[in-house]
Amino acid sequence: MDKIPGQMRAVQYLYPPIDPFDQRMLDVGDGHQVYVEQCGNPDGWPVIVLHGGPGGGCSPAMRRYFDPKAFRVILFDQRGCGRSRPHASVEHNTTWDLVADIELIRETLGIEKAVVFGGSWGATLSLIYAISHPERVSHLVLRGVFLMTQTELDWFYGGGAGQFWPEPWARFTALVPEDERNDLIAAYHKRLFGPDLRVQTRFAQAWSAWENALASVYSNGHGGEAPGEYARAFARLENHYFTNRGFLSEDGWILNNADKLSKIPGVIVQGRYDMICPPQRAWELSQAWPNSDLRMIRNAGHALSEPGISAELVRAMDDIARREGLHLSSAR
């Protein structure tokens with residue numbers, strides 16, 4: 001991906017780097033240990049951060065979207081990825097397991113209600129959690145909305161996005177025999193879960209590279225080669241969830257249950273040129289959820305690190321702090 005000045009400026013909107021005041025491995029059952037950390041103000045307004053993927057894991061940069069004086073920030077690596085163990089495991093790893101994990105984390109940390117902050121798959125999980133436990137969510141802050149529908153999967157893995165990015169699409173499809181290219185999720189699934197670790201890793205890196213290549217409007221069409229262990233978790237978990245349609249009972253489940261969000265205020269930050277999660281879904285969500293504020297960011301794609309998206313997410317969190325009467329830091 002091109003490192004041009006526009007990308008480098010994203011950090012100017014963030015709060016300074018911060019270390020956690022609490023790190024732990026939480027036994028969530030089913031043989032899974034989930035990494036959880038807290039940073040910021042231990043007495044601040046709780047924020048639960050949900051990373052993307054599935055399988056992306058958290059990064060230190062995710063701590064920096066929140067005023068450390070105002071917020072108590074909770075990050076965790078979802079089952080099977082990041083520092084959670086077992087690594088790249090899809091056993092007992094469903095959307096509903098993750099919803100249960102969020103509840104266990106909330107109860108373990110003694111949190112009654114929290115802001116839930118998530119992007120991409122993290123936005124999907126934020127919405128599913130809020131629909132399932134609306135009484136536990138004070139606000140939603142979402143980025144790059146993904147509603148886990150067949151239409152979205154068809155767009156990204158069926159050739160829609162490939163019409164805008166033919167070069168990386170050609171690389172993504174070239175690994176698969178022509179007679180299997182009508183269902184790339186299934187074709188990759190066969191290799192990602194096959195017996196040969198080298199084949200798993202090769203296809204995992206190709207899966208990850210296709211998504212990374214389209215993440216930013218500043219991309220040159222090359223997503224780079226992710227480290228093998230990271231790519232295996234990312235690709236296997238994404239493919240597992242997409243093969244099972246997010247473990248939702250019906251296509252369109254989120255919009256069909258959006259009425260349960262009616263009492264939760266929220267902000268939707270969406271890149272106008274998001275090639276991974278097209279803006280149509282964010283707009284549809286805003287129409288079904290009148291208590292939301294859709295903020296479309298021009299000249300922005302999908303990535304959290306886009307300057308306009310970073311600036312708007314920090315602004316949204318600062319706005320929540322002011323409305324709730326929290327004490328803010330004097331300067332970033």
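Which residue stands opposite Arg72 in β4? The residue is Gly40. Welcome to a quick tour of this predicted model, which takes in an open sheet of eight strands and two helices that pack on the sheet, α2 and α10.

**The sheet**
- Reading across the sheet, the strand order is β1-β2-β4-β3-β5-β6-β7-β8, and the pairing is mixed.
- At the edges sit β1 (22-29) and β8 (292-297), each of which pairs on one side only.
- From one strand to the next, the twist averages 20°.

**The β2–β4 pairing**
- Strands β2 (residues 32-40) and β4 (residues 71-76) run antiparallel and are joined by five bridges.
- Here you can find the pair from the opening question, with Gly40 opposite Arg72 in β4.

**Helices on the sheet**
- Helix α2 (residues 95-108) touches β1, β2, β3 (45-50) and β4 as it packs on the sheet.
- The direction of α2 makes about 130° with that of β1.
- Helix α10 (residues 279-288) also packs on the sheet, where it touches β6 (137-143), β7 (266-271) and β8.
- Between the directions of α10 and β7 the angle is about 160°.

**The buried face of α10**
- Pro279, Arg281, Ala282, Leu285 and Ser286 are buried in α10.
- Viewed down the axis of α10, these buried residues fall within an arc of 155°, so they line one face of the helix.
- For the general background, an α-helix has 3.6 residues a turn, so residues three or four places apart point the same way.
- The packing partners of the buried α10 residues are the helices α3 (121-132), α4 (150-157) and α9 (253-256), together with the strands β6, β7 and β8.

Key
Residues are numbered from 1 along each chain as its sequence is written. This is a predicted model: local features need pLDDT of at least 70, side-chain atom pairs count only at pLDDT 80 or more; totals for chains, interfaces and linings use all residues. Side-chain values use heavy atoms; hydrogens and water are left out. Two strands pair if DSSP finds at least two bridges between them. Helices (H or I, at least four residues) and strands (E, at least two) are DSSP runs, numbered from the N terminus. Axes are lines fitted to C-alpha atoms, for helices over the stretch in contact, and angles run from 0 to 180 degrees between N-to-C directions. Contact means heavy atoms within 4.5 Å. Buried means under 20% relative accessible area, exposed over 50%, partly exposed in between (1.4 Å probe, protein chains only). The arc is that of the directions from the helix axis to the C-beta atoms.
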